[in-house]
Amino acid sequence: MAKPRFQFVCQNCGTAHARWAGKCEGCGEWNTLVEEGTVGGIGGGPQSLRKARPGRPVALTTLSGEIEDAPRIITGIGELDRVTGGGFVRGSAILVGGDPGIGKSTLLTQAAAALASRGYRIVYVSGEEAVAQIRLRAQRLRVAETPVELAAETNVENILATIGEGRRPDLVILDSIQTLWTETAESAPGTVTQVRASAQAMIRYAKSTGAAIVLVGHVTKEGQIAGPRVVEHMVDAVLYFEGEGGHHYRILRTVKNRFGPTDEIGVFEMGDKGLSEVPNPSELFLGERSAAAPGAAVFAGMEGTRPVLVEIQALVAPSPLGTPRRTVVGWDTSRLSMVLAVLEAHCGVRLSTHDVYLNVAGGYRISEPAADVAVAAALVSSLCGLALPADCVYFGEISLSGAVRPVGHAASRLREAEKLGFTKAVMPQGNEELGTGIAANAYRPEALADLVARIAG
Ligand code: TYD
Ligand code: MG
């Protein structure tokens with residue numbers, strides 16, 4: 001066997017360095033380099049003497065018809081199936097990442113149970129908990145009587161031997177990727193080399209047998225344990241499970257998906273019997289809303305194919321500081337700077353001596369530029385101390401010239417608002433093809449300045 005070569009690998013991003021350094025050249029994180037061995041020399045040494053075995057290419061045209069749609073394993077948990085793009089694809093690998101304690105094991109236990117009771121063979125491999133602990137959780141989730149197969153194991157070779165027995169599994173869940181280790185890599189479990197080699201072995205298994213695999217990965221802010229980021233590019237789909245401390249709901253978000261859309265979210269609520277689906281997230285996000293107060297505007301947003309209404313809260317106050325504070329939770333800081341600049345340049349709203357705090361209610365995160373108008377309305381409302389009408393929703397993108405630009409899915413946004421009892425809307429002129437219901441009652445400013453004048457009275 002070749003002599004192992006040693007190198008220093010960043011546990012955050014996986015960049016290999018020949019020498020130890022305090023700071024990683026790849027991602028700029030500090031104290032993340034750990035000495036790791038690799039087997040042989042990659043691409044060199046006696047391995048390269050191996051005789052190549054020719055493969056047999058297949059004509060692309062002969063494949064059509066055979067693989068019309070990726071065969072999927074559907075859990076029946078609507079919020080989960082939507083995020084995966086209609087169920088787990090056979091032979092694919094999915095990474096489910098999230099902070100420790102957010103509910104990854106709970107979600108996957110429930111998914112495993114749902115699938116097992118539909119007749120699929122599901123193997124749940126846990127490297128973190130003993131079988132008794134998993135069973136306790138299953139009892140709490142009222143799914144202990146489903147035929148999910150449990151295994152407490154961390155060695156990849158043992159796992160492959162275990163699941164190789166009996167009927168082929170339809171889905172294998174590995175909880176978590178950080179606990180896996182394989183004999184082919186020399187480093188300690190949890191290091192980048194181990195995480196990568198183990199993930200690779202399991203993905204190879206998935207491709208060759210047609211089983212779907214789910215890798216659970218803890219996200220660590222300190223980067224001390226190899227983060228799931230190093231396997232992101234190896235898997236077919238990456239889902240992140242998020243939540244805010246103090247809130248019971250959790251959002252499952254697609255970051256990457258080779259077999260489906262990447263902008264879908266699934267919303268769940270964590271209760272004492274596990275996660276339950278939230279089919280109408282707007283109700284949840286707006287449920288925490290107090291009576292109309294200055295600085296609050298309801299944004300009619302979209303997440304993938306689904307409209308989501310959420311409250312945007314702004315607080316504008318005179319600043320004692322030379323450089324006033326700009327604090328944003330749930331939105332893009334540079335986007336806020338842009339809206340502030342447009343308000344200042346085109347609408348005569350001076351905020352350069354004010355602290356600005358912006359918060360998206362309920363710990364929700366918005367990534368759409370369509371929120372510009374709602375943010376501007378909330379800011380102006382707070383500055384003037386005038387509450388916005390409680391039955392009005394806002395959406396529209398703001399350009400640097402101060403114009404209100406049209407956005408996609410106006411009809412869905414309005415329909416959702418109507419469903420939740422809103423009767424008015426502030427929306428872009430360009431979206432005026434819709435003439436019924438709430439749209440007939442809509443105010444459509446051409447420029448942001450018009451809206452500002454209307455709010456300020
Ligand atoms: P878990 O799924 O173990 O998190 P992860 O695998 O992401 O680390 O969930 C941990 C938290 O969820 C824990 O704080 C307890 C809570 N929980 C509930 O509130 N209700 C439940 O029914 C279950 C099973 C867990
Ligand atoms: Mg867990």
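# How the labels are earned

Tutor: Let's start with Arg142, which lies in the loop between α3 and β8. Keep in mind that this is a predicted model.

Student: Why is Arg142 called exposed?

Tutor: Count its neighbours: Arg142 has 12 C-beta neighbours inside 10 Å. The label "exposed" covers residues with 12 or fewer, so Arg142 counts as exposed.

Student: What makes the phi of Arg142 worth a remark?

Tutor: Its sign. Phi of Arg142 is positive, about 60°, although the residue is not a glycine. Most residues other than glycine have a negative phi.

Student: Which value does phi of Asn31 take, and where does Asn31 sit?

Tutor: Phi of Asn31 is near 55°, again a positive value in a residue other than glycine. Asn31 belongs to the loop between β2 (16-17) and β3 (33-38).

Student: Why is Asn31 called partly exposed?

Tutor: Asn31 has 14 C-beta neighbours inside 10 Å. Exposed stops at 12 and buried begins at 20; the count of 14 falls in between, so Asn31 counts as partly exposed.

Student: How do you know that Gly164 is exposed?

Tutor: By the same kind of count. Gly164, in helix α4 (residues 156-164), has 11 other C-beta atoms within 10 Å. The limit is 12 or fewer, so Gly164 is exposed. As for its distance to Tyr205, the two residues are 41 apart along the chain, and their C-alpha atoms are separated by 9.9 Å.

Student: Which form does the peptide bond from Asp175 to Ser176 have, and how do you know?

Tutor: That bond is cis, with omega near 5°. Ser176 is in the loop between β9 (171-175) and α5 (192-209). For background, most peptide bonds are trans.

Student: Now the sheets. What makes β8 and β14 edge strands?

Tutor: Look at the order of the nine strands in this open sheet: β8-β7-β9-β10-β6-β11-β12-β13-β14, with mixed pairing. β8 (149-152) and β14 (274-277) each have a single partner strand, so one side of each is left without a neighbour in the sheet. Neighbouring strands here are turned by 25° against each other on average, direction ignored.

Student: How do you know that β6 and β11 are paired?

Tutor: At least two bridges are needed for a pair. Strand β6 (residues 93-98) and strand β11 (residues 237-243) have five, and they run parallel. One place to look is Gly97, whose bridge partner in β11 is Tyr240.

Student: What makes β17 and β22 edge strands?

Tutor: The open sheet of six strands has the order β17-β18-β16-β15-β19-β22, with mixed pairing. β17 and β22 (424-426) each have a single partner, so one side of each lacks a neighbour in the sheet. The average turn between neighbouring strands of this sheet is 30°, direction ignored.

Student: How do you know that β18 pairs with β16 and with β17?

Tutor: Set the bridge counts against the required minimum of two. Strand β16 (residues 306-318) is joined to β18 (residues 354-360) by seven bridges, in antiparallel fashion. Strand β17 (residues 326-329) and β18 share four bridges in the parallel sense. Tyr357 shows both pairings: Tyr357 is the β18 partner of Leu315, and Tyr357 is the β18 partner of Thr327 too. Pro318, in turn, is opposite His354 in β18.

Student: What surrounds ligand 1?

Tutor: A shell of 15 residues, the closest being Gly103, Lys104, Ser105, Thr106 and Gly274. Helices α2 (104-116) and α3 (131-140) are the elements that give two or more residues to this shell. α2 gives the most, with three. By class, the shell has four nonpolar, six polar and five charged residues.

Student: Which residues have the most contacts inside the largest nonpolar core?

Tutor: They are Leu174, Leu215, Ala374, Ala376, Ala377 and Tyr394, in a core of 125 residues. Helix α9 (residues 372-384) supplies the largest share, nine residues. Leaving aside neighbours within four places in sequence, Ala376 is in contact with Val339, Leu343, Ile398, Leu448 and Leu451. In soluble globular proteins, nonpolar side chains tend to be buried together.

Student: How many of the chain's residues count as buried?

Tutor: The share is 43% of the 457 residues.

How values were computed:
Residues are numbered from 1 along each chain as its sequence is written. Chains are lettered from A and ligands numbered from 1 in the order in which they are written. This is a predicted model: local features need pLDDT of at least 70, side-chain atom pairs count only at pLDDT 80 or more; totals for chains, interfaces and linings use all residues. Axes are lines fitted to C-alpha atoms, for helices over the stretch in contact, and angles run from 0 to 180 degrees between N-to-C directions. A residue is near a molecule or strand if its C-beta atom, placed from the backbone, lies within 6 Å of it. Ala, Val, Leu, Ile, Met, Phe, Trp, Tyr, Cys and Pro count as nonpolar, Asp, Glu, Lys and Arg as charged, and the others, Gly among them, as polar. A nonpolar core is a set of buried Ala, Val, Leu, Ile, Met, Phe, Trp, Tyr and Cys residues joined through C-beta atoms within 7 Å. Two residues are in contact if their C-beta atoms, placed from the backbone, lie within 7 Å.
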